[in-house]
Amino acid sequence: MTPFLSIDCISVWANPLGQLLSYSRRLNSLLCFALLLGGICTEAQAVEIRALTQSDLNQSVNLEQQWDFIGPDLKQGTIHVPGPWESHFQKRLPVFGTGIYQLKLIMPAEMIGENLKLYTELIAGGNLRVYANDKLVGHNGTYLGSHSRLPNFLPFELKQRELHLKIVVSNFQLQWSGLVRPIWIGTPQAINQHINRRSINLNVVFGIFMFLSFFHFLLFTFYRQDKATLWFCLICLSASVYMEFFALHNLEYLIADIPLEWSIRGVRIGLYGIIPFVFWYAYSLANHLIPINLVRSISLVCGALAASVLLPARLHTSLINVWYLLAFISVTYNFYIILKHYKNRDLAPYLYSTLVFSLAILNDILNALGWLTTGFYARYGVIAFCITQSGFLAWRLQKNYKQVIDFQDKLQTINHSLEQKVDSRTQEIQQKNEQLNQLLSFKEEMVEMLVHDIKTPLNLLLDLPAQAANDASDANPKSIEMASQRVKNLLEQIMSLNKNEQPDLQLILNKHNLSHLSQRVIQVLQPWALSKEIQLTNLIPTDTWVKIDQLLIERVLHNVLDNSLKHSPIGGEIKLSGYAFGPMFILDILDNGPGMSEEVIHHALEKYQSFSQGETQRSSGLGLYFCEQVVLAHGGEINLSSGPMTGTLVRITLPLNPFTRALSFDFQTEQQLRLSPYMTDLRALKTYQVTQLRPVLNELKKIKDPLIQAWLQALNASIEDVNEASYRKLIDQVKPDSDR
């Protein structure tokens with residue numbers, strides 16, 4: 001999330017800013033500037049001659065001090081070396097032209113006749129010439145017709161004690177100008193040792209960057225899921241490109257001279273790549289902490305800066321100011337992230353190394369502005385960051401590897417039971433198919449039953465014109481209206497049945513007065529009863545309120561009374577009576593017909609059982625079967641009893657308060673014993689094992705006990721919801737002792 005920083009002892013923002021002024025020099029410059037404002041200091045003081053000892057030359061000495069200077073404006077003065085000459089002109093932007101540096105030295109007498117050598121690591125310019133007592137002792141490739149920016153220094157013989165140094169530098173491309181690195185002088189052995197020490201230092205750093213970039217590129221090649229390794233590879237690669245073109249120039253030593261303008265472009269391309277790659281690297285590690293829009297915006301700006309190097313030098317040099325702005329934004333945002341998430345242990349390795357990196361950048365920015373002279377520390381910040389991050393990525397890779405091993409172990413465990421899981425899924429599919437078939441069968445049954453129930457009111461409506469013509473009876477407008485309404489209700493039920501997705505009756509429970517509901521059914525059937533001179537008597541107490549599904553119970557009463565009217569003799573009587581018995585309400589419907597045998601009663605509630613006799617119209621055999629399904633759905637039961645010439649009694653038992661799923665069931669000993677044969681299988685099975693549960697549940701349906709049927713309905717609801725906890729709670733209400 002941060003820009004690159006100095007790799008060497010100076011600022012490295014695309015071209016060296018140079019070490020501007022030391023603390024003492026800045027104080028002197030401020031004082032001189034104040035004197036200039038007052039008209040006192042009009043010209044710099046002459047530079048005093050510096051005397052060197054033999055020990056200085058044998059160890060190589062840094063000529064960091066004030067030098068005489070003739071600037072591009074041809075004015076004479078003094079300037080501190082190292083440092084860009086823009087500071088001399090109090091300007092932030094480059095001052096293009098040629099500058100001449102001069103310094104006089106007093107050499108020790110014992111060194112006369114010995115060889116000496118000059119050296120500087122870097123100049124901010126395209127042309128360099130170095131003279132010692134007017135003899136050319138150093139230059140870069142441009143002087144000899146090459147385009148290289150590499151400085152070359154030749155040994156020279158000291159012939160007199162006074163040594164006059166003259167350095168001519170020209171700059172028309174870089175953003176800073178002049179001698180931005182110290183000038184060293186000493187014996188060739190001392191200078192070569194200094195050069196080798198610096199070269200080894202830089203190449204070690206360069207080698208670390210190249211190794212890290214190559215290694216992490218291979219990691220990404222074989223493990224593409226981890227994008228962090230790719231971005232870290234590009235960070236190190238950009239740092240390598242920067243170092244190569246800025247300070248090392250290994251390509252020039254190995255291949256050929258690289259033109260200065262292309263060397264500058266390589267430096268800046270490597271530099272401009274650092275910020276977006278670090279942002280993308282951080283985003284790949286913690287995308288929840290860094291806005292993607294910020295990463296993309298920084299990347300677009302850096303991409304535009306990289307593309308700008310194709311412009312003329314003076315144009316893309318001025319754009320370096322945008323780079324300073326990005327550096328400031330990056331450092332600020334970096335500290336914000338560190339302060340906000342420093343307690344996050346998962347990000348600790350990244351945050352702490354980024355803190356070092358941010359401090360190195362801050363040091364580099366202050367060094368570039370001339371507020372510090374410690375730019376060489378920046379290289380250690382970069383190395384610390386990259387080495388720490390490579391360790392962090394190695395730890396993440398090891399962690400991922402362990403997770404893969406754990407996952408493989410789990411996968412092997414799962415594979416051992418894969419066949420069982422496939423069987424389970426197959427059973428679930430079969431269960432769904434079975435449920436679908438049950439739903440289709442249920443809908444077919446319901447349609448048949450609705451068609452059956454619609455016959456009676458429809459016949460009544462069809463018989464009314466004939467009755468009116470024969471004056472057999474007066475048409476009752478109320479009966480006609482109620483019969484018509486019943487036909488409408490039944491048709492609506494046929495339409496709504498299509499929307500039903502459950503293979504059982506869906507009750508709409510509300511409190512209704514059972515006496516009033518029965519009277520409405522009687523009024524619909526009254527014309528038929530009058531035609532047979534049968535009296536329909538409603539003896540149900542008028543204060544009887546039961547929680548039921550009104551339409552379904554009406555159909556039950558209609559079917560039972562329809563059967564009673566069908567089998568009752570002319571002049572007979574049908575009575576409806578009822579009474580409360582504990583939590584249940586007993587509803588009796590008694591006729592005085594011929595009755596039924598025990599065999600007929602035993603099969604009367606089965607599907608498609610028709611027992612019409614004589615001239616009566618043969619029925620579909622669905623009426624009483626439907627009645628039983630409705631009553632069972634309410635948690636009740638229906639029973640038939642009869643005797644020779646005593647008529648038939650249909651007894652319907654309805655709970656005054658139907659069960660809910662949360663209701664517990666208090667079974668009596670007899671009920672426990674009736675359930676015990678099925679409990680072993682129910683306890684062994686799970687709610688999803690519907691195929692094995694279905695036969696047991698079908699057997700339980702045959703138990704004609706209201707409480708058991710209510711318990712069974714709750715059990716079915718738990719199985720449909722795959723609610724294992726509710727299922728177990730219902731099973732546990734049957735005591736295990738009764739299983740024996």
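How many bridges join strand S1 (residues 50-51) to strand S5 (residues 97-106), and in which sense do the two strands run? In this predicted model, 2 bridges join S1 to S5, and the two strands run parallel. One of the residue pairs concerned can be named, since the bridge partner of Ala-51 in S5 is Ile-106.

Strand S5 also takes part in other pairings. Strand S3 (residues 65-70) is joined to S5 by 3 bridges, and here the strands run antiparallel, with Phe-69 standing opposite Tyr-101 in S5. Strand S11 (residues 162-171) pairs with S5 in the antiparallel sense as well, over 10 bridges, and in this pairing Tyr-101 has Ile-167 of S11 as its bridge partner. Tyr-101 of S5 thus faces Phe-69 in the pairing with S3 and Ile-167 in the pairing with S11. In general, strands of a sheet pair through backbone hydrogen bonds, either parallel or antiparallel.

These pairings belong to a chain of 740 residues, of which 49% are buried, and the chain contains 21 helices and 19 strands. Among the contacts with a separation of 6 or more, 74% are accounted for by residues that lie 24 or more positions apart. The chain exposes about 36,700 Å², and carbon and sulfur atoms supply 58% of that area.

A contact between separate parts of the sequence is provided by Arg-314, which lies in helix H8 (residues 313-318). Arg-314 and Pro-94 are 220 residues apart in sequence, but their C-alpha atoms are 9.1 Å apart in space. When residues up to four places away in sequence are not counted, Arg-314 touches Phe-96 and Phe-172.

An open sheet of 4 strands is formed in the order S2-S12-S6-S10, with antiparallel pairing. Its edge strands are S2 (61-62) and S10 (156-157), each of which pairs on one side only. Within this sheet, strand S6 (residues 115-119) is joined to strand S12 (residues 184-186) by 3 bridges, the two strands running antiparallel, and Tyr-119 stands opposite Trp-184 in S12.

Helix H3 lies across S6 and S12 and runs at about 30° to S6. One residue of this helix, His-194, has a relative accessible area of 10% and is therefore buried, the cut-off for a buried residue being under 20%. Apart from its neighbours within four places in sequence, His-194 is in contact with Tyr-119, Glu-121 and Trp-184; of these residues, Tyr-119 and Trp-184 are the pair that stand opposite each other where S6 meets S12.

Helix H3, which spans residues 188-222, also holds Phe-214. With a relative accessible area of 53%, Phe-214 is exposed, because the term applies to values over 50%. Together with Phe-217, Leu-218 and Phe-222, Phe-214 makes a nonpolar surface patch of about 470 Å². Helix H3 therefore includes both the buried His-194 and the exposed Phe-214.

A further open sheet consists of 5 strands in the order S14-S16-S17-S19-S18, and its pairing is mixed. Strand S14 (535-538) and strand S18 (637-643) stand at the edges, and because each has a single partner strand, one side of each is left without a neighbour in the sheet. From one strand to the next, the twist averages 15°.

The partner of S18 in this sheet is strand S19 (residues 647-655), and the two pair in the antiparallel sense over 7 bridges; Ser-642 has Thr-648 of S19 as its bridge partner. S19 is also joined to S17 by 7 bridges, again with the strands running antiparallel, and in this pairing the bridge partner of Leu-587 is Ile-652 of S19. S19 is mostly covered, 7 of its 9 residues being buried. Helix H15 (residues 550-567) lies across S14, strand S16 (573-581), strand S17 (584-591) and S19, and runs at about 25° to S17.

Definitions and conventions
Residues numbered from 1 in each chain as written. Predicted model: local features only at pLDDT ≥ 70, side-chain atom pairs only at ≥ 80, totals over all residues. Heavy atoms only, no water. Patch = residues over 30% accessible without salt bridge, like charges linked within 9 Å, V, L, I, M, F, W, Y side chains within 5 Å. Areas by Shrake-Rupley, 256 points an atom, 1.4 Å probe, with all protein chains shown as cover. Salt bridge = Lys/Arg side-chain N within 4 Å of Asp/Glu carboxyl O. Buried < 20%, exposed > 50% of the residue type's maximum accessible area, 1.4 Å probe, protein only. Contact = heavy atoms within 4.5 Å. Pairing = 2+ DSSP bridges. Axes fitted to C-alpha atoms, helices over the stretch in contact; angles between N-to-C directions.
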